[in-house]
Amino acid sequence: MTNSATLEARDYSATVTNPNDGVEIAITVMQPALAAGETAPLILHGHGFGGARLTNRHERSVYEVLSGGILPSTEAARRAVADGYFVISFDQRGFGDSAGCVEIMNPEVEGVDISAILDWAENEMPERERLAYRDGDPVIGGLGLSYGGGFQLIGACIDPRFDALVPTATWYDLSYSLAPDNVVKTAWGAALVALGIPTSGVRLDPLLYRALAEGLASTLTGRGLSQTVIDRLYNSSPASFYDGHIARDGQREPCETRRTPKVDVLLVQGVGDTLFNLNEAAANAHALRAAGNDVHLIAMQYGHSLPFLQDIDRIAYQTDASLRIDDDYIETSELELAYLDWKLKGKTPARDVPRNMIVLDDETALFFDRLPMGTGETGPVVEFAGDATTGGLDLLLGIVRRQSVSRLWSLATGTAGNAWTAIKRVFDTDKPASGDETALVARLVNALPSDHLDELASGGTFIELMSVEAENQAIAGIPQIDIDISGSDRNPIAFVGLGVKRAGHATTVLLNKQVRPIRGGGRRELDLNGVSHRLHAGDRLGLLVYGYHPQYLASFSAIPGRIHVSGRIALPIVGVV
């Protein structure tokens, strides 16, 4: 077939063989309809951890069925086929119909799989002569969420053929994602193992089971992850390539083959994402921009979601379906495809793609030339001091001091109300639940108000930082803290976040469900997790210090104690028009 013939749309499956180990990777080619002489760029689409590829352009993905709604990156892939792209959706190694063991995005394994798919497209795909080329190389983009975002960044780090990426809700450094300050996110560790087992057929890298076991035992051992696990997680991260290092036996060694890729990127991350937070997108953006790439960052409201611990309507992923830009709403999938049209086809977007955007709520988005950081340039620097408890003592005190009759009545009525609202959605013929039973399950699972659960299950001490005196303000960006921890607990684990007490409300809100663990005493300077929250006159903004938090489940100080925290924090507080 030549470019002089028309090309009919069709979808078909094939396999690609990894040249190093012979493992076969299952792919679906979604072929566009092309006029005579027309060529098309290629988009590689990957699924989330535990998911599977699209087997045709009309199919809903595993996680769309599970979560009860479309995922923008998958919808963008489907739209791209109709928009004149070749789209190859693939089962990542160990998942779906692909062979091999899940190696957690090992550049020397899954990275080679990605290059092998691109080689196949260039050299063996039946319609390869219809691929678009630029300066002698095929024009290639990427789409995907979570693990499907990780493949894009790792793929571009090892293969220069990628021209533009749209990774959604993905990582910068997996060792930070799963165990910041080597305090293990055991709730997410258990969730990832549970999500990965069904479609992998228990073909998960033993490293993941080992990491979970080490996390669950951390309260008894007093340690987090072993150095072997930390090294592997780091080496399977873009951070390793940006740094130009590879980790061996706890040491970072220079590696000439690891360097920052040349590729333009639209990063889409959730401020409420408790697995891959805003800080990871900010770090990716900083490194990629420093290498001269054109990088845009959109911080949506949601992302990876933990049942029971977050107010969600979806299971596993709750990503923003639409975004408010220029006083209008645009579907997130439409924006992602418009970005790829711009970078791969040279089509000027109908509206500018924001350089840095933080979604505040359903009605408001904030736009910045630079992402706000708590450096003192944006917002105040506030001193603080207070005492808190650690470990099980914090949990016990948190439960005891909140079990008043009025408190229990509030919880009971709130839970019943949420559950009743969810049930009514099923039988409401005027406002049906769109046939998404999984969305109902998510709402029933989260019938207990998550803010109450934070207080009941986490305890926590509120140390007031400031009282908000005016409207039209928000805290949006990444706070930076200089904190000193001392006290009777010689090796404490403290969990630190920002909270708001609103006038007339009994509940203290942990902003965006973001907590940052700190292991050990002494003075530290570090970034707290990024947040986005509208402030109102009369609000009291404070530091929340927990000795235990359910996101970290089994990771806390084994011996209860008391700590004193003091220092200063720079808050990214901005005006809201």
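Which residues in α12 are buried? They are Thr-332, Ser-333, Leu-335, Glu-336, Leu-337, Tyr-339, Leu-340, Asp-341, Lys-343 and Leu-344. Bear in mind that this is a predicted model.

**Two helices under cover**

Let's stay with α12 for a moment. The helix runs over residues 332-345, and its 14 residues reach 19 Å from the first C-alpha to the last, close to the expected 20 Å. With 10 of its 14 residues buried, α12 is mostly covered. Right after the helix comes Gly-346, with a positive phi near 75°.

Helix α3 (residues 110-123) makes a nice companion. Its 14 residues should span 20 Å at 1.5 Å a residue, and because the end C-alpha atoms are 20 Å apart, the expectation and the model agree. α3 is mostly covered too, with 11 of its 14 residues buried. The buried set holds Glu-110, Gly-111, Val-112, Asp-113, Ile-114, Ser-115, Ala-116, Ile-117, Leu-118, Trp-120 and Ala-121. As background, an α-helix has 3.6 residues a turn, so residues three or four places apart point the same way.

**The chain as a whole**

Stepping back, the protein chain holds 16 helices and 30 strands. It has 577 residues, and 59% of them count as buried. Take the contacts between residues at least 6 apart in sequence: 76% of those join residues at least 24 apart. On the outside, the chain exposes about 22,100 Å², with carbon and sulfur atoms supplying 53% of that area.

**Empty space**

Now for the holes. Rolling a probe the size of a water molecule over the atoms shows where empty space is left. A search of the whole structure turns up seven cavities of 30 Å³ or more. Here is how the linings of the largest pocket and the two cavities described below divide by class.

| Lining | Nonpolar | Polar | Charged |
|---|---|---|---|
| Largest pocket | 13 residues | five residues | 11 residues |
| Largest cavity | 10 residues | one residue | no residues |
| Second largest cavity | eight residues | one residue | one residue |

The largest pocket contains about 710 Å³ of space. It is lined by 29 residues, and the closest to its centre are Ala-282, His-286, Leu-371, Met-373 and Ile-478. Which element gives the most to this lining? That would be α11, with seven residues. α11 covers residues 278-290, and both α11 and β26 (522-527) supply at least two residues of the pocket lining.

The largest cavity holds about 130 Å³. Its lining is made of Phe-49, Ile-104, Ser-146, Tyr-147, Trp-171, Leu-174, Leu-178, Leu-192, Leu-208, Leu-275 and Phe-276.

The second largest cavity has a volume of about 100 Å³. Around it sit Leu-178, Val-184, Lys-185, Trp-188, Gly-189, Val-193, Leu-208, Ala-211, Leu-212 and Leu-225. Two or more of those lining residues come from each of α6 (186-200) and α7 (206-216). Leu-178 and Leu-208 turn up in the lining of the largest cavity and again in that of the second largest.

**Two loop residues with positive phi**

Ser-146, one of the residues lining the largest cavity, has a phi near 60°, a positive value in a residue other than glycine. Its place is in the loop between β7 (140-145) and α4 (147-158). Is Ser-146 buried or exposed? The cut-off for buried is under 20% relative accessible area, and Ser-146 comes in at 4%, so it counts as buried.

Asp-327 is not a glycine either, yet its phi is positive at about 60°. This residue belongs to the loop between β15 (322-325) and β16 (328-331). Exposed means over 50%; at 69% relative accessibility, Asp-327 therefore counts as exposed.

**A strand residue to finish**

Ile-246 is found in strand β9 (residues 245-248). Its relative accessibility is 10%, so Ile-246 counts as buried. What is Ile-246 in contact with, leaving aside its neighbours within four places in sequence? The list reads Asn-235, Ser-240, Gln-251, Arg-252, Glu-253, Cys-255 and Arg-258. As for Tyr-234, 12 residues away from Ile-246 along the chain, the two C-alpha atoms are separated by 8.0 Å.

Conventions: Residues are numbered from 1 along each chain as its sequence is written. This is a predicted model: local features need pLDDT of at least 70, side-chain atom pairs count only at pLDDT 80 or more; totals for chains, interfaces and linings use all residues. Side-chain values use heavy atoms; hydrogens and water are left out. On a 1 Å grid over the protein atoms alone, a cavity is a set of points where a 1.4 Å probe fits but cannot get out, and a pocket is an open set with protein on both sides within 12 Å along at least five of seven lines; lining residues have an atom within 4 Å of a point. Grid points are joined across faces, edges and corners, and a volume is the space filled by probe spheres set on the points. Helices (H or I, at least four residues) and strands (E, at least two) are DSSP runs, numbered from the N terminus. Ala, Val, Leu, Ile, Met, Phe, Trp, Tyr, Cys and Pro count as nonpolar, Asp, Glu, Lys and Arg as charged, and the others, Gly among them, as polar. The expected span of a helix is 1.5 Å times one less than its number of residues. Buried means under 20% relative accessible area, exposed over 50%, partly exposed in between (1.4 Å probe, protein chains only). Contact means heavy atoms within 4.5 Å. Accessible areas come from the Shrake-Rupley method with a 1.4 Å probe; for residues, only the protein chains shown count as cover.
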